[in-house]
Amino acid sequence: MSSRFVRYLPWGIPALAFGGTAAFELALVERKYAIFGGGFGAGHVLDTAKEVALFAATLAAAQAVLIGGLWLLIRSAHRKRPESPTFLLNFLFFAPGGLAALLLAKFEALSYFSDALGFELIKNLGGGSVAGALVYVALEAAIGLAVCAGAVAVWWIGLRLARRRLPERVALPGLQWRHVLWAALPLPLLAAAAAREPDVRFALARTTAPAGALALLHQTTDFDRDGYSGFSAQRDGFPFDSARHPLAFDIPGNGVDEDGFGGDFRFEGPLEQSSDWRPPGQPKHVVLIVLESVRGDAVGKQVAGRPVTPQLNALARSGTWVREAYSHVGFTTASGKSIFSGALEPGERAPSLFRDLKGAGYRVGVFSAAPENFGGISAAVGMRENADLYVDAELLKAERAHSSAALGSLALDGRKVLREFDRHFRSAGDWKAPTFLYFNFQEAHFPYRHRDMPRLLPGDPVERGEIQAENRERVEATYWNAVAYSDWLVGQVVARLKRMGVWERSLLVVTGDHGEALFEDGFIGHGHILNRAQTHVPLIFSVPGAAAANGPVGLADYRGLILRALSGEPPAQSSGTVFQFIGTLHRPDVIGMVEAGGKRTTLNLETAEVEFSDLARNIRYTDLRPGTELRVRADRLANEWARQRWLARRASS
């Protein structure tokens, strides 16, 4: 054996850790994003030699810093016996082993939640509360803790064996901090070059070590602390002016384009919502039914030759079916506030259907299978304070459909909601005053079944732990059965109204709060992507002519449509667009708009790329020539975002 080989042999362990973790992560990234192979849904592909070389060089430098740094940190914890087998075991367990475990957990989460997974998404899962979101995913967390306990047991057994079977001293490489520094020196130049190549930056941001390097460089060069720098996806063109950056608030008419999109914003439209609605001489009763997580394509759908929504189908034929209705954001809390208030972000004491109708002399009743305090919906729209009758899942927590009592997963079987309704409404005599009733049915919420749910459609239901892409057909069958049960509950409400003789004097509105992805584009659930599956909802009025049937209509339009229908006025002209966003209104990850015919335009505010659904293309905003049709569309979206932010700021002031 040559002396040179013996000299470098000890470097084999950190080298294997370097190469093994990099290869493992690249395999996961490629499977998820197809950054090398491309294909359907792959928006960023490393398809030139320059891109591949830049990506590989940056990844190698960052990975060397990460593995080298972990080696030295773990070795420093073994100062008394730095050459013991215990050190090697701990290094292998906590460095490549720990990284592999974190990567598996990360990509398992992304298989359900997409790149939108982040702090705001976690908060939204918990109705605006991180603690609530953690309780909501308690089952998955318990499984993770069990896996961690098993890993600790394996480590302990390995430690005992290493101390008994291996020599007291092992040969180690002469790795020093200066070697890590030399590996880190080219990172700023490589990262700066990568930041100018969207495909390269996208790929690096999906790998652990380069993403950490980019984040560190970004933080250290964000001189005005506005969240943007020379290393961010969108470069800060004004590094010392915190008022100008890609997510800056665009003040209307000041001659400055603060956010860099759409030019100087010019506000159009009314600033305040009207709150002086008065009912006609003989006001109709209003019954609003919100179906949790029911997709817009449920109406008219068939499974195994059987209609999924026979009740909604009948209502659509005799009333008004708005075929293009959309949520603004795919979460219940924001959707509920928009449905009742007519705003994306209602201010304190803002007008709402509850305040409108209560002020007009209506008797108000709430019968909800969900906890209406979840995410502050009830307080924001004056639900409980204006309700004469109030029953929700929190009140009947002991009768919940699932074992968890966390607000995010608390739900009732819809028949219990109907039972509570029957206690208060038995005959026409209980409808002497004009009445506004709000029903919320939770049947189609994940995991799409509970112990009391009947089987209305063919197919074996899937258990919660089996909800994965491999079981897609069974997951779909379970979901559509839940939708069929929601439809049956709607039919039960209609039958009661007819039996009590108040149907002809009532306006019934049925809708959903958002859609639900059933592994379209690889995801399940809602709130992660602005696409049709997750945002298209049913909207049906029991009377003809209540809305323009071709839309598009957003949840924030409902309040105006309902009040005009009650007044006998024709529906207001549609604005022609529905604004949507992921994250928060003021700091979204993605914004979008839906126009007539379902045509969608989205702008990723991280990458500054605009996607046009009718063209199946992603184009960098700065590559859109001013005055062209596509640039006009992108600017229309940017200005609608600015308008909604301005409205929200006015409402909160």
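Two strands pair if DSSP finds at least two bridges between them. Helices (H or I, at least four residues) and strands (E, at least two) are themselves DSSP runs, numbered from the N terminus.

The structure described here is a predicted model, in which local features need pLDDT of at least 70 and side-chain atom pairs count only at pLDDT 80 or more, while totals for chains, interfaces and linings use all residues. Residues are numbered from 1 along each chain as its sequence is written, and side-chain values use heavy atoms, with hydrogens and water left out.

## Overview

The chain has 21 helices and 19 strands. Of its 653 residues, 50% count as buried; buried means under 20% relative accessible area, exposed over 50%, and partly exposed in between (1.4 Å probe, protein chains only). A contact is a case of heavy atoms within 4.5 Å. Among the contacts in the chain with a separation of 6 or more, 68% are between residues 24 or more positions apart.

## Nonpolar cores

A nonpolar core is a set of buried Ala, Val, Leu, Ile, Met, Phe, Trp, Tyr and Cys residues joined through side-chain atoms within 4.5 Å. The largest one holds 54 residues, and those with the most contacts inside it are Ile289, Phe367, Phe439, Phe441 and Trp480. Elements giving two or more residues to this core include strand S1 (285-291), helix H12 (310-318), strand S8 (435-441) and helix H18 (472-499). H18 provides the largest share, 12 residues. A second, separate core has 37 residues, including Val322, Leu357, Val537 and Val553. In soluble globular proteins, nonpolar side chains tend to be buried together.

Leaving aside neighbours within four places in sequence, tryptophan 480 is in contact with Arg295, Asp297, Ala298, Lys301, Val303, Val308, Leu457 and Leu518. Proline 458 lies 22 residues from tryptophan 480 in sequence and 9.8 Å from it in space, C-alpha to C-alpha. This proline is found in the loop between S8 and H18 and is partly exposed, with a relative accessible area of 35%. Not counting residues up to four places away in sequence, proline 458 touches Ala304, Arg306 and Ala477.

## Strand pairing

Strand S6 (residues 363-368) is mostly covered, with five of its six residues buried. S6 pairs with S8 in the parallel sense and also runs parallel to S7. The table lists these pairs with two others.

| Strand pair | Sense | Bridges | One pair of opposite residues |
|---|---|---|---|
| S6 and S8 | parallel | six bridges | serine 368 and asparagine 440 |
| S6 and S7 | parallel | three bridges | glycine 365 and leucine 389 |
| S5 and S14 | parallel | two bridges | alanine 325 and valine 553 |
| S17 and S18 | antiparallel | four bridges | asparagine 604 and glutamate 609 |

S5 (residues 325-326) belongs to an open sheet of three strands in the order S12-S5-S14, with mixed pairing. Strand S12 (536-537) and strand S14 (553-554) stand at the edges, each with a single partner strand, so one side of each has no neighbour in the sheet.

Another open sheet has five strands in the order S15-S16-S17-S18-S19, with antiparallel pairing. Its edge strands are S15 (577-583) and S19 (617-620), each pairing on one side only. On average, neighbouring strands of this sheet are turned by 20° against each other, direction ignored. Helix H21 (residues 629-652) packs on the sheet and touches S15, S16, S17, S18 and S19; the direction of H21 makes about 115° with that of S16 (588-595). Axes are lines fitted to C-alpha atoms, for helices over the stretch in contact, and angles run from 0 to 180 degrees between N-to-C directions.

## Helices H9 and H11

Helix H9 (residues 187-195) and helix H11 (residues 208-221) pack at an angle of about 95°, with their axes 10 Å apart. That makes H9 roughly perpendicular to H11, a term for angles of 65 to 115 degrees; those under 35 count as roughly parallel, those over 145 as roughly antiparallel and the rest as oblique. Leu187, Pro188 and Ala191 in H9 meet Ala213, Leu214 and Leu217 in H11. The residues of this contact divide into six nonpolar, no polar and no charged. Here Ala, Val, Leu, Ile, Met, Phe, Trp, Tyr, Cys and Pro count as nonpolar, Asp, Glu, Lys and Arg as charged, and the others, Gly among them, as polar.

The buried residues of H9 are Leu187, Leu190, Ala191, Ala192, Ala194 and Ala195. They pack against helix H3 (49-76), helix H8 (177-184), helix H10 (198-205) and H11.
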